[in-house]
Amino acid sequence: MNQTIGLQLDAEGWADINSLIVGAANEGRVLDLTIIQTVVNNSDKKRFTFSVDGLRIRAAQGHSAPDVNLPHIEKEPPKLLYHGTATRFLESILQQGLIAGSRHHVHLSQEILTAIAVGQRYGKPVVLKIESQQMYQQGFKFFRQKIVFG
């Protein structure tokens, strides 16, 4: 449950849009379907998605809630992937490796520009080149988010 407005998420992270609007109103925030559609449609990173029936919404990736399980499919990765982070985290990563932290998985990108954009959110960006195909051959598992419009 979202502690701010009391929003209930199901096991796959879906929230009822009407409950979202009512919860926001109860906290003195103006929110309507037009605003929600604008956010979903104009997000450069496509952070949110609507259900097929248009009655629910969820984060498309990056859930930190332990009881939310987004569908992912195991997939053989390309030769290289990239991880964007901030320079202030580099020493820790070099000591401990990449760890998911509060998220379900470590986010990797096929595009360097995407990794740079991710790193910029946290400070001065740095991009790590991941030898993903070599890791896969060593037994590491890679997943790609399955786009589901439930």
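At the start of α1, which side-chain oxygen reaches to the backbone nitrogen of N18? The model is a predicted one, and in it the oxygen belongs to D16, whose side chain comes to within 3.2 Å of that nitrogen.

From this contact the helix can be followed along its length. Helix α1 spans residues 17-26, and its buried residues are I17, L20, I21, G23 and A24. Viewed down the axis of α1, these buried residues fall within an arc of 165°, so they line one face of the helix. The general geometry of helices fits such a pattern: an α-helix has 3.6 residues a turn, so residues three or four places apart point the same way. The face turned away from the buried side of α1 carries N18 and N26, which are exposed. N18 thus appears twice in this account, with its backbone nitrogen in the contact from D16 and as an exposed residue on the outward face.

The buried residues of α1 are covered by several elements, including strand β1 (15-16), helix α2 (33-42), strand β2 (48-50) and strand β3 (56-59). After α1 comes G28, whose phi is positive, near 80°.

Strand β3, one of the elements covering α1, also leads to the charged contacts, through R56. The side chain of R56 meets that of D10 in a salt bridge, with an N to O distance of 3.6 Å. D10 lies in the segment before β1, 46 residues from R56, and the pair links distant parts of the chain. The count of salt bridges in the model comes to one. Both ends of the bridge are partly exposed: R56 has a relative accessible area of 23%, and D10 is at 33% relative accessibility. R56 has a further partner in W14, since the charged end of R56 sits over the ring of W14, 4.9 Å from the ring centre.

Another link is made by aromatic rings. The count of aromatic pairs comes to one. Its members are F89 and Y122, with ring centres 6.4 Å apart and planes at 70°; planes over 60 degrees apart count as edge-to-face, so this pair is edge-to-face. F89 lies in the loop between β5 (81-86) and α3 (90-96), and Y122 in the loop between α4 (112-120) and β6 (125-130), so the pair ties together parts that are 33 residues apart in sequence. F89 is partly exposed at 32% relative accessibility, and Y122 is partly exposed at 34%.

Key
Residues are numbered from 1 along each chain as its sequence is written. Side-chain values use heavy atoms; hydrogens and water are left out. Buried means under 20% relative accessible area, exposed over 50%, partly exposed in between (1.4 Å probe, protein chains only). Helices (H or I, at least four residues) and strands (E, at least two) are DSSP runs, numbered from the N terminus. The arc is that of the directions from the helix axis to the C-beta atoms. Contact means heavy atoms within 4.5 Å. A polar contact is a pair of N or O atoms within 3.5 Å; within protein, one must be able to donate a hydrogen and the other to accept it, and residues adjacent in sequence count only if both atoms are side-chain atoms. A salt bridge is a side-chain nitrogen of Lys or Arg within 4 Å of a carboxyl oxygen of Asp or Glu. Rings of Phe, Tyr and Trp (its six-membered ring) pair if their centres lie within 6.5 Å; planes under 30 degrees apart count as stacked, over 60 as edge-to-face and the rest as tilted. A charge sits over a ring if NZ of Lys or CZ of Arg is within 6 Å of the ring centre and within 35 degrees of the ring normal.
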